[in-house]
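I opened the notebook to look up empty space, helix packing and odd backbone geometry. Entries follow in the order of looking.

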Amino acid sequence: MEPLETFVVESTIPEEGDAYKSIVADIITELVLGGAIGRIKVRVRPEDSLFMMAIILRGTQPTVKVSDMGSVDVTNHLTKEVTISIEQEKYLPQLLEQLWAKYGRAGVRQPERKTLILTAENLDEEVEFLRNLVVADPQKTLQSRLVEMAIRATPEGFRVRYHSMDNHVFVFAATEDILKKEWIQEAQDIATELQEDE
Amino acid sequence: MAAVLEPYIYEGGIHQHTLITELLEDLGGYLIQKVPAATEVTLVMLIPRDDVHLIEELGKKLLGKLERAPLTGTEIAVVSPTLASHHLPHSACDVAEFMRRGGANTNMLGLARGMGRRVSLSDNYERKLINEHDLAVFSFGTFADCIKNKKPKLLEGVTVPKIVAGGPLDVKTEEVAGADLYVGGIGRVAHRLRKPGELSSLDNLLEKVVEIVEKMREDLAKDPLAVLPPRVMKEIHEQIPEIFDVFSPAPVTLQLDGLRVKLPYDEFHERVENLEFDEGVRLSDMASITKSRMKNYILVKIKRESEVGFTA
């Protein structure tokens, strides 16, 4: 599935749907969700005070390990030094935080931005451990960002909300009145429809 | 009869800009606001019509730019349904910026319960606060149905001219109950308005607001104010020096028919009431001075000549 291969915003008046699409697009950009969403369909019915959204996510994103962002090698057997050379800086703060927690601030030397030096007793074990250390889990933050997106995209004041997250399908409905069962069903149907597009 | 004053904005270097303010004073014009920003300065002023060319020539010599600012001396409320990220900052703040480019002083107002359709409400306090302004621009959303059927209730109780800005282009002013004007193309967006179409909608809005203000000025001219607001401002500057200690960008904000003095009411209202004019009258003879609903400021509304019987 390509990123955003389906991106539809429907409204009673088509031009208003287009205007709303630009709002949704801005929000997706702001929350950096473009790569995570495969298909998205939004339906707004202002006369019913109803907002519905279904999103199909593009599979699960893998966790980021130290080996994904750089290399871990023993650089000095005598002084028992292990060096982590970073290639992707994006998750460096998270990595540093974890290392500081384990080895203490003094135990992690950083002679320059992309090099971290640690000392360890059991070199091979330590290298293996470091390579498999999970630095970040995009999946965890994804869900909270999705909810944030739904709240931002909904017209302000539609505070009666329904949402469900099932594997990679996110369904959302919001209104300012009592949420009818058939509306939730309609939102679910949109999601089913999107899945059938394959 | 006082000279006819024309509103202008001067933008130029801060070096030697006092030459302009001195000349303005000599000509009998009024400096309304001075905004220094590093090496630049923006002067908002009222210049006697026959002498505009003098300021223009001097401005050219100083490599500055003089532009007509038709909204000078007005205070405009830009009202957004709530303070949530759905309605602010985009579009509402851009609307306010365009009003300021026209020379107006703007206040942003977010309603406490303006969100939604059926549930949207405005508060008595909010309506009274809006009514302290010369006019109000309401920034509404994308959906024609909301603008026509649900949101107009936010306009109820607002007695100043109401301009509604919204997304749909095909809504007519008559369809928005209570609005004096509807301008399309400025709906809810989540980015700063900078595309050509968006900017031209804002230009269009400014143009329409100017038309309304010009009409309000004409109506005022039929039964003129007992004293011009800029003249009151000048007297405040001379008689209440504490005004220079106020940090607000516009310590005295002019309105079409009055002014807002940003000093605490309890402490200063008597001194404002007792402002003396050369003609031997006091401000309280020509204006009603009340406590503003904005913070603890003083609101001066000047009475008409027909009511007072003379002009100062």
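Entry 1, the second largest pocket. I am working from a predicted model. I looked up the second largest pocket and got about 650 Å³ of space. Its lining counts 24 residues, and closest to the centre are B:Leu31, B:Ile32, B:Lys34, B:His237 and B:Phe244. I then asked which element gives the most to this lining. It is β2(B), with 5 residues. At least two lining residues each come from α1 (18–27), β2 (30–37) and α7 (229–239) of chain B. By class I noted 13 nonpolar, 7 polar and 4 charged residues in the lining.

Entry 2, cavities. How many cavities of 30 Å³ or more does the structure hold? I found 2. The largest has a volume of about 260 Å³. I listed 19 residues lining the largest cavity; nearest its centre lie A:Pro155, B:Gly141, B:Phe143, B:Cys146 and B:Lys151. That lining has 10 nonpolar, 5 polar and 4 charged residues.

The second largest cavity has a volume of about 50 Å³. I wrote down its lining: B:His86, B:His87, B:His90, B:Ser91, B:Ser139, B:Phe140, B:Gly141 and B:Arg188. The classes here are 1 nonpolar, 6 polar and 1 charged.

Entry 3, the loop between β5 and α3 of chain B. I went to B:Ser91 next, since the name had come up in the lining of the second largest cavity. B:Ser91 sits in the loop between β5 and α3 of chain B. Its phi is positive, about 65°, although the residue is not a glycine. Is B:Ser91 buried or exposed? I have it as buried, because its relative accessible area is 2%, under the 20% cut-off. B:Pro89 also has its place in the loop between β5 and α3 of chain B. I checked the peptide bond that joins B:Leu88 and B:Pro89: it is cis, with omega about -5°.

Entry 4, helix α3 of chain B. This helix spans residues 92–101. Which of its residues are buried? I noted B:Ala92, B:Asp94, B:Val95, B:Ala96, B:Phe98 and B:Met99. Residues three or four places apart on an α-helix point the same way, because there are 3.6 residues a turn. The cover over the buried residues of α3(B) includes β5 (75–80), β6 (105–110), β7 (135–139) and α6 (196–222) of chain B. Just after α3(B), B:Gly103 takes a positive phi of about 105°.

Entry 5, a helix pair in chain A. I looked up α3 (residues 92–103) and α4 (residues 123–131) of chain A. They pack at about 145°, and their axes are 13 Å apart. The crossing of α3(A) past α4(A) is right-handed. On the α3(A) side I found A:Leu99, A:Lys102 and A:Tyr103, which meet A:Glu126, A:Phe129 and A:Leu130 in α4(A). The contact has 4 nonpolar, no polar and 2 charged residues.

Entry 6, two single residues. A:Leu4 lies in the segment before β1 (6–11) of chain A. Its phi is near 50°, positive in a residue other than glycine. I have A:Leu4 as partly exposed, at 28% relative accessibility.

B:Asn274 is in the loop between α8 (265–273) and α9 (283–286) of chain B. B:Asn274 too is partly exposed, with a relative accessible area of 38%. Beyond neighbours within four places in sequence, I found B:Asn274 in contact with B:Gln239 and B:Arg282. I also checked B:Lys222, 52 residues from B:Asn274 along the chain: their C-alpha atoms are separated by 28 Å.

Key
Residues are numbered from 1 along each chain as its sequence is written. Chains are lettered from A and ligands numbered from 1 in the order in which they are written. This is a predicted model: local features need pLDDT of at least 70, side-chain atom pairs count only at pLDDT 80 or more; totals for chains, interfaces and linings use all residues. Side-chain values use heavy atoms; hydrogens and water are left out. Axes are lines fitted to C-alpha atoms, for helices over the stretch in contact, and angles run from 0 to 180 degrees between N-to-C directions. A crossing is left-handed if the near helix is turned anticlockwise from the far one by less than a right angle, and right-handed if clockwise. Contact means heavy atoms within 4.5 Å. Ala, Val, Leu, Ile, Met, Phe, Trp, Tyr, Cys and Pro count as nonpolar, Asp, Glu, Lys and Arg as charged, and the others, Gly among them, as polar. On a 1 Å grid over the protein atoms alone, a cavity is a set of points where a 1.4 Å probe fits but cannot get out, and a pocket is an open set with protein on both sides within 12 Å along at least five of seven lines; lining residues have an atom within 4 Å of a point. Grid points are joined across faces, edges and corners, and a volume is the space filled by probe spheres set on the points. Buried means under 20% relative accessible area, exposed over 50%, partly exposed in between (1.4 Å probe, protein chains only).
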